[in-house]
Amino acid sequence: ENKRFLKAMLEERKNQDNVESLTFCDQLTGAFNRKYYEKELERLDDKLYYPLSIIVLSVNRLDQINDKYGRAVGDLIIKQVAQILKNTCRGDDVVVRLEGNEFVILMPKTEGANGERAIKRIKKIMDEANVQSIKLSVSFGYCTKYDETEDLNRIFEMAEKQLERLKRLEE
């Protein structure tokens, strides 16, 4: 009787984990999704996690790749970018596929200079990677929140503006 009960409880927990995984994970990449991002952003907006660096990145020329090689190749590129991010970020960092070709990395307890170093490290790996002979091209922007007086949405907007400036330079 106890064994059956424990087995049923384990099965129920497994089902809950599966539902949570579907709720918070991007189906294509396995990275976290926007819903999880919003939840984590709220949790990490606490002095316990400051400085909190936000890195925003975008895969360049994805529309042209989709047009020339097909969406399947574009999907492979998105998956490769997500895999590199998940492999190069620390355990406390949160890797999110925000939408389409845009990703965000939340880096708790990370000063701006360390965020910059992380970008350089990730960019170096991205520059060496390719998918079906297509070199990965990714643009980055970042900003850091140092204390509770700063608005986290404003920090994100600043990171996005930097991304857009750098993206225009790379195109």
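The exchange below asks how several labels attached to this predicted model are justified.

Me: What should I know about the model and its numbering before reading the values?
Reply: This is a predicted model, in which local features need pLDDT of at least 70 and side-chain atom pairs count only at pLDDT 80 or more, whereas totals for chains, interfaces and linings use all residues. Residues are numbered from 1 along each chain as its sequence is written, and side-chain values use heavy atoms, with hydrogens and water left out.

Me: How do you know how many helices and strands the protein has, and in what pattern do they follow one another?
Reply: Helices (H or I, at least four residues) and strands (E, at least two) are taken as DSSP runs, numbered from the N terminus. On that basis the protein has six helices and six strands, and along the sequence they follow the pattern α-α-β-α-α-β-β-α-β-β-β-α.

Me: Why is the pair of F24 and Y36 called edge-to-face?
Reply: Rings of Phe, Tyr and Trp (its six-membered ring) pair if their centres lie within 6.5 Å, and planes under 30 degrees apart count as stacked, over 60 as edge-to-face and the rest as tilted. The ring centres of F24 and Y36 are 5.4 Å apart and their planes stand at 70 degrees, so the pair is edge-to-face. Since F24 lies in helix α1 (residues 2-24) and Y36 in helix α2 (residues 34-44), the pair ties together parts that are twelve residues apart in sequence.

Me: What makes the pair of F32 and Y36 stacked?
Reply: The centres of F32 and Y36 lie 3.8 Å apart with 15 degrees between the planes, and the pair is stacked. Ring pairs thus link F24, F32 and Y36 into a cluster, and the structure holds three aromatic pairs.

Me: Which of these rings are buried and which partly exposed?
Reply: Buried means under 20% relative accessible area and exposed over 50%, with partly exposed in between (1.4 Å probe, protein chains only). F24, at 13% relative accessibility, counts as buried, as does Y36 at 15%, while F32, with a relative accessible area of 29%, is partly exposed.

Me: Why are β2 and β6 placed at the edges of the sheet?
Reply: Two strands pair if DSSP finds at least two bridges between them, and four strands form an open sheet in the order β2-β3-β1-β6 with antiparallel pairing. β2 (94-99) and β6 (138-145) each have a single partner strand, so one side of each is left without a neighbour in the sheet.

Me: How do you know that β2 and β3 pair?
Reply: Five bridges join β2 and strand β3 (residues 102-107) in the antiparallel sense, and the bridge partner of E99 in β3 is E102.

Me: What makes α2 a helix that packs on the sheet?
Reply: Contact means heavy atoms within 4.5 Å, and α2 touches β1 (52-59), β2 and β3. The direction of α2 makes about 130 degrees with that of β2, where axes are lines fitted to C-alpha atoms, for helices over the stretch in contact, and angles run from 0 to 180 degrees between N-to-C directions.

Me: Why is N60 called buried, and what does N60 touch?
Reply: N60, in the loop between β1 and α3 (62-69), has 2% relative accessibility and therefore counts as buried. Not counting residues up to four places away in sequence, N60 touches I65, S137, V138, S139, K167 and E170.
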